[in-house]
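I set out to record how the ligand is held in this structure. My entries follow the order in which I looked things up.

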Amino acid sequence: MATINKNYLKLQGSYLFSTIARKVKEYSEQHPDAEIIRLGIGDVTQPLAPAMTYALHRAVDEMGNEKTFRGYAPDLGYEFLRRAIAEKDFKKRGCNIEPDEIFVSDGAKGDCSNIQEIFGTDNTIAVCDPVYPVYVDSNVMAGRTGEYDSVTQRFAGVIYMPCTEENLFLPELPSKVPDLIYLCFPNNPTGTVMKKDRLQKWVDYANEHGSIILFDAAYESYISEEDVPHSIYECDGARTCAIEMRSFSKTAGFTGLRLGYTVIPRELEAGGEKLWPLWARRHGTKYNGAPYIVQRAGEAVYTDEGRRQVEEQIAYYMGNAKIILNGLNKAGYEVFGGVNAPYIWLKTPDDMTSWEFFDYLLDKANVVGTPGSGFGPSGEHFFRLTAFGNRENTIRAIERISKIH
Ligand code: MLT
């Protein structure tokens, strides 16, 4: 008789953003006239910029011609894209990353959740609290559910590192040493950043204790301040302790197109084994690569024209972030983030729980956000709004929220 992976039963009923989508659907069925503004999931609203649509069209034409048609993509991704990434995302910032250390994928969500597969199931994981739920859920699915393993005498579970107003939403170095450490900066959901000297301490800690940092840099293109690293490889010694994941979703509006990549330096090891060949093996076995046309669109992001166009989009979203920050501040809310990230993290008024505020906002202002407690216990009494809406809706949402405060 077939049995199931019982770890799935230890997960919450549904994924955070699926729960929100269901609640909003129910509400709109009951209130068909409500004009709902969605600032919940961090999904982009601006169309692909012309340099990328032009590259897509051209690539589609190539696929329709026998002479230029392409079948399976190379395991690691096309060389033209990996070269552009190595040059523009890393070498330009003084980071020594080679094209063959880059694994192209269909997005950071898949990479963040799959990367744990190459590590032992007995590994202890450290995550910020609040945190992007994918890191925790994927480790629970793999059996890292916090139980002590009497055979290996290890605790294969999750250590939560509280990120609160008191510590400016930045985690402290853990006293119990984890094997894997997930860091996401600029942070989802709090919108905070870690300055270079502080990130350097994490790199030193990981190298000293043999931990691996899984660095999610999906929001790096939203950094506006100096001295905030765009890549963990800007820190000395990161090549021997860190894997970095990036996404084209928020940088270039690819949430529907799907493209991302993971960097694994050649010398990176865990338990005396190199990680690059393991991820290459996994990639080659379980994945057939991002579509050719999408990789060509990704390449276009690195052209001068493409770069200028995506920078305009980022400035547009950050204009929204400013409207949200200023508007909510004026209305008397306590707000954080929104300067180097497209997320605004606010304190719920009147000590409401995050979900109470979600319902209140949906009902009284017809605005959807994300309850902070959905990102972890330390997110309780907080709420996240995204700057990825269009300008008109963002302005209307803030007017409505201000009126009900
Ligand atoms: C978020 O809203 O946190 C993200 O958009 C979700 C994702 O990227 O999967």
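I first fixed the residue classes: Ala, Val, Leu, Ile, Met, Phe, Trp, Tyr, Cys and Pro count as nonpolar, Asp, Glu, Lys and Arg as charged, and the others, Gly among them, as polar. By these classes, the shell around the ligand holds 4 nonpolar, 2 polar and 3 charged residues.

I noted that this is a predicted model, in which local features need pLDDT of at least 70, side-chain atom pairs count only at pLDDT 80 or more, and totals for chains, interfaces and linings use all residues. Residues are numbered from 1 along each chain as its sequence is written, and side-chain values use heavy atoms, with hydrogens and water left out.

I listed the shell (a heavy atom within 4 Å of the ligand): Phe-17, Ile-41, Gly-42, Lys-109, Tyr-132, Asn-188, Lys-250, Tyr-343 and Arg-384.

I then looked up polar contacts to the ligand (N or O pairs within 3.5 Å). Ligand oxygen atoms lie 2.6 Å from a side-chain N or O atom of Tyr-132, 2.7 Å from a polar side-chain atom of Arg-384 and 2.9 Å from one of Asn-188. The protein covers 86% of the 260 Å² of accessible area that the ligand has on its own (Shrake-Rupley, 1.4 Å probe).

I turned to the domains, whose bounds come from an automatic or database assignment. The ligand lies between domain 1 (6-47 + 305-404) and domain 2 (52-304), because both give residues to its shell. Their C-alpha centres are 25 Å apart. I recorded 39 residues of domain 1 in contact (heavy atoms within 4.5 Å) with 43 residues of domain 2.

Definitions and conventions:
A polar contact is a pair of N or O atoms within 3.5 Å; within protein, one must be able to donate a hydrogen and the other to accept it, and residues adjacent in sequence count only if both atoms are side-chain atoms.
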